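Subject: Structure for you to look at

Hi,

Here is the structure I promised to pass on. Please open it and keep it beside you while you read my notes below.

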Amino acid sequence: MQTDVIVVGAGPAGSTAARTIAERGAQVLLLDRAKFPRDKPCGGGVTIRCASLLPFSLDPIVEDVITGARMKVRGFREVTREAPAPITYMTQRRRLDAFLVEQAQTAGVKFRDGEGVTDITRLPDGSFEVKTKGDTHHARVIIGADGANGVAGNRLGYEAAGESAVALEGNYPYPDGVPAEFRNRVVLHFGDYPGGYGWIFPKGDHINIGVGGWKSAMGPQLRDLLQRMCRTYGFDVADLQNLRGHHLPMQRRGMVMAAAGSAVVGDAAGLVDPLSGDGIYGALRSGSLIAPAVEDYLAGRVSTLAGYQLALERELMPEVETSTALMEIFHAWPDPFVWLLQHFGPFWGGACAAIRGETTYVDLTYRLGSPGRALLGPVAKAGRFVSSRRVARG
Ligand SMILES: Cc1cc2nc3c(=O)[nH]c(=O)nc-3n(C[C@H](O)[C@H](O)[C@H](O)COP(=O)(O)OP(=O)(O)OC[C@H]3O[C@@H](n4cnc5c(N)ncnc54)[C@H](O)[C@@H]3O)c2cc1C
């Protein structure tokens, strides 16, 4: 098939890139190797900041609305805080991703599932030949949206994102409905998971229980840590269904994300938020930022998609860098920060405002004043040192 644009991968990044590019008048073919609807390892938490990026409501697929958090450090007392307004929607990736693909199809995108891309070649005229198991397609632009460890970025010559974090999660079923103690709240457990946290997210007929953190520190003991998380809340890991683990790819400094006629978006570009592990936001944001650059490229106004990289560097990367610094500080000294979240209104309010997208990490650091902002980098560096010593000691 001959088309203007091929998007490889129909997760949130790919379906959003396909939709926003098609809305600007291009012909788009969206390919995914999985048969839809398909699930993927994910907590299925969609923050309000993230949902606000979409020009349509997620109501048809929302299974719970989060208005508070139950927070605990290691064996200390759990504290529940209510948010001033909803902070996160809970859904299942099987439903979210199929819904986002439907919106792309409504915008005119041609979708083929069960068609995995096996190879991509750049032809002498600058266009691309894309081979799948059963077919060969041609396009002027190709977008790699095939997630962590995808083939597209590799075949197009992009450096792989860093795999600094891993997570393991499973579902505990409640066929007659989730008990009130878990509804409308996320459970967040800190301190036992280097570089991450444990969570319980409520859905319609089950809860999702998971743990995530630095690959170097947690990788080999992920299952034991999930068992510890389960035991803390009265479950056994053996009772979880669909137990799955996966990488959370993170940006490397100076990563190239666009070139002549090609680009990578979402996890393929390592756009997971280092502090929260939220990757759907970076997926939707990059999937939208790519569209103007593709329109300019197809119209012959520019010779590369570098405009997308510049837009990312302007609009998203300062947040990712600040999030990295806050993550290093938080994980080196979790106790005082969790205490502040539990007991100090302005701190909890700031976190809720960031999750709702009413403020940004960068704006929050301005509250520290100039001296505080100047100290952020050095304190993050000290935090990294403290954490690495702790991890090395085991
Ligand atoms: C355990 C876990 C829990 C998480 N929880 C959350 C959470 O609660 N909230 C949040 O915001 N983020 C969460 N994340 C991160 C989030 O899941 C990802 O950041 C997000 O899915 C990235 O979207 P994407 O579209 O870039 O990639 P993906 O969602 O991974 O989609 C990639 C798509 O590409 C397809 N594909 C792969 N290879 C090929 C190929 N060769 N040809 C064609 N198609 C291909 C795949 O089938 C897939 O559909 C979590 C991650 C993990 C691992």
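Start with one residue pair: Thr47 stands opposite Thr88, which is in strand S7. Strands here are DSSP runs (E, at least two residues), helices are DSSP runs too (H or I, at least four residues), and both are numbered from the N terminus. S7 covers residues 88-90, runs antiparallel to S3 and is joined to S3 by 3 bridges. Two strands count as paired if DSSP finds at least two bridges between them.

Two notes on the model before we go on. It is predicted, so local features need pLDDT of at least 70 and side-chain atom pairs count only at pLDDT 80 or more, while totals for chains, interfaces and linings use all residues. Residues are numbered from 1 along each chain as its sequence is written.

The sheet
S3, S7 and S4 form an open sheet of 3 strands, in the order S3-S7-S4, with antiparallel pairing. The edge strands are S3 (45-47) and S4 (64-66), and each pairs on one side only. From one strand to the next, the twist averages 25°. Those angles run from 0 to 180 degrees between N-to-C directions; the axes are lines fitted to C-alpha atoms, for helices over the stretch in contact. As background, strands of a sheet pair through backbone hydrogen bonds.

The whole protein
The count is 13 helices and 18 strands. The radius of gyration is 21 Å, close to the 21 Å that the globule rule gives for 394 residues, so the protein is as compact as a globular protein of that length. That radius is taken over C-alpha atoms, and the rule is 2.2 Å times the number of residues to the power 0.38.

The domains
The domain assignment gives domain 1 (2-43 + 92-161 + 251-315), domain 2 (64-90 + 163-248) and domain 3 (320-392). Such bounds come from an automatic or database assignment. The C-alpha centres of domain 2 and domain 3 lie 21 Å apart. Their contact takes 15 residues from domain 2 and 12 residues from domain 3. Contact means C-beta atoms, placed from the backbone, within 7 Å.

The ligand
Which residues are closest to the ligand? They are Gly9, Gly11, Gly147, Gly266 and Gly279, out of 38 that surround the ligand. A residue is near if its C-beta atom, placed from the backbone, lies within 6 Å. H1 gives the most to this shell, with 3 residues. The shell divides into 17 nonpolar, 14 polar and 7 charged residues. Nonpolar means Ala, Val, Leu, Ile, Met, Phe, Trp, Tyr, Cys and Pro; charged means Asp, Glu, Lys and Arg; the others, Gly among them, are polar. Why does the ligand lie between domain 1 and domain 2? Because both domains give residues to the shell.

Two backbone details
The peptide bond from Phe36 to Pro37 is cis, with omega near -5°. Pro37 is found in the loop between S2 (28-31) and S3. Arg74 has a positive phi of about 40°, although it is not a glycine. Arg74 lies in the loop between S5 and S6. Most residues other than glycine have a negative phi, and most peptide bonds are trans.

Best wishes

Terms used
Contact = placed C-beta atoms within 7 Å.
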